[in-house]
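Visitor: Before we go through this model together, I would like to hear the reasoning behind each label, and not only the label itself.

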Amino acid sequence: VAALPSGVVDEVTTGGESAAGEDAVPAGYPAEWDADVVLADGATVHIRPIRPGDGPRIVEFHGRQSPESIYFRYFTPHPTLSDSEVRHLTHVDYVDRMAFVALHDEDIVGVARYDRWPTRSEAEVAFFVDDRHRGRGVASVLLEYLAAAVLDWAWHTLADGRVVFVPLVSGRSTTRILQAAASMATPPAG
């Protein structure tokens with residue numbers, strides 16, 4: 001697991017438990033990203049790539065959020081997720097489409113994802129942190145994981161070495177997080 005400035009990795013796991021009791025870890029699953037991380041407030045969450053078996057957890061997570069938070073994530077009132085949306089959110093290729101979840105007591109408390117635009121070195125990025133866990137550093141840690149994952153793949157840089165994320169939401173907290181990450185980011189040499 002890459003060293004991340006915001007958290008301390010306590011242990012690396014490769015288990016595949018899901019809310020549905022499935023142990024299936026999909027082909028290509030990057031288990032090296034599974035880690036327990038200490039947040040800014042001292043609490044610990046488990047960060048890992050999303051799995052197809054996380055569908056029930058995503059539905060539960062969505063159901064706990066305020067209508068305002070859901071609106072800021074989807075730009076429309078969206079009280080429930082359809083089966084096709086859950087599938088889209090939980091089935092990624094771990095390269096051009098990546099998502100990380102933050103788990104606390106087996107509940108998803110945050111999701112961050114990027115979706116690369118075809119034939120471009122840019123990706124759309126989205127964060128959704130549980131209303132009850134905002135301000136604890138969950139989004140910052142998830143952003144670090146997204147940025148580190150991007151740096152693992154060849155498509156990540158423009159000709160001048162920049163990594164480009166285009167946020168879905170231009171809110172103040174998202175802007176602050178992206179600006180802080182940009183100030184910490186150092187593109188690989190060469």
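Guide: This is a predicted model, and a good place to begin is helix 1, whose buried residues are Gly-55, Arg-57, Ile-58, Phe-61 and His-62.

Visitor: Why are the buried residues of helix 1 said to line one face of the helix?

Guide: Seen down the axis of helix 1, the buried residues fall within an arc of 160°, and therefore they line one face of the helix. These buried residues pack against strand 2, helix 2, helix 3, strand 3, strand 4 and strand 5.

Visitor: Why does His-133 count as buried?

Guide: The relative accessibility of His-133 is 11%, and buried means under 20%, so His-133 counts as buried. His-133 is found in the loop between strand 5 and helix 4, and, leaving aside residues up to four places away in sequence, it touches His-104, Val-109 and Val-138. Computed along the chain, so to speak, His-133 and His-104 are 29 residues apart, while in space they are 9.8 Å apart, C-alpha to C-alpha.

Visitor: What makes Tyr-94 stand out in its backbone, given its phi?

Guide: Tyr-94 has a positive phi of about 65° although it is not a glycine, and most residues other than glycine have a negative phi. Tyr-94 lies in the loop between helix 3 and strand 3, and its relative accessible area of 4% is under 20%, so Tyr-94 is buried.

Visitor: And is Asp-105, which also has a positive phi, buried or exposed?

Guide: Asp-105, in the loop between strand 3 and strand 4, has a positive phi of about 50°; its relative accessibility is 66%, and exposed means over 50%, so Asp-105 counts as exposed.

Visitor: How many cavities of 30 Å³ or more does a search of the whole structure find?

Guide: The search finds one, and about 110 Å³ of space lies in the largest cavity. Its lining divides into nine nonpolar, one polar and two charged residues, and the elements that give two or more residues to that lining are helix 1, helix 2, strand 4 and strand 5. Among the lining residues are Ile-58, Phe-61 and His-62, which also belong to the buried residues of helix 1.

Visitor: Which residues touch the most other members of the largest nonpolar core?

Guide: They are Ile-47, Phe-100 and Tyr-145, in a core of 43 residues, to which helix 4 gives the most, with ten residues.

Conventions. Residues are numbered from 1 along each chain as its sequence is written. This is a predicted model: local features need pLDDT of at least 70, side-chain atom pairs count only at pLDDT 80 or more; totals for chains, interfaces and linings use all residues. Side-chain values use heavy atoms; hydrogens and water are left out. A nonpolar core is a set of buried Ala, Val, Leu, Ile, Met, Phe, Trp, Tyr and Cys residues joined through side-chain atoms within 4.5 Å. Buried means under 20% relative accessible area, exposed over 50%, partly exposed in between (1.4 Å probe, protein chains only). Helices (H or I, at least four residues) and strands (E, at least two) are DSSP runs, numbered from the N terminus. Contact means heavy atoms within 4.5 Å. On a 1 Å grid over the protein atoms alone, a cavity is a set of points where a 1.4 Å probe fits but cannot get out, and a pocket is an open set with protein on both sides within 12 Å along at least five of seven lines; lining residues have an atom within 4 Å of a point. Grid points are joined across faces, edges and corners, and a volume is the space filled by probe spheres set on the points. Ala, Val, Leu, Ile, Met, Phe, Trp, Tyr, Cys and Pro count as nonpolar, Asp, Glu, Lys and Arg as charged, and the others, Gly among them, as polar. The arc is that of the directions from the helix axis to the C-beta atoms.
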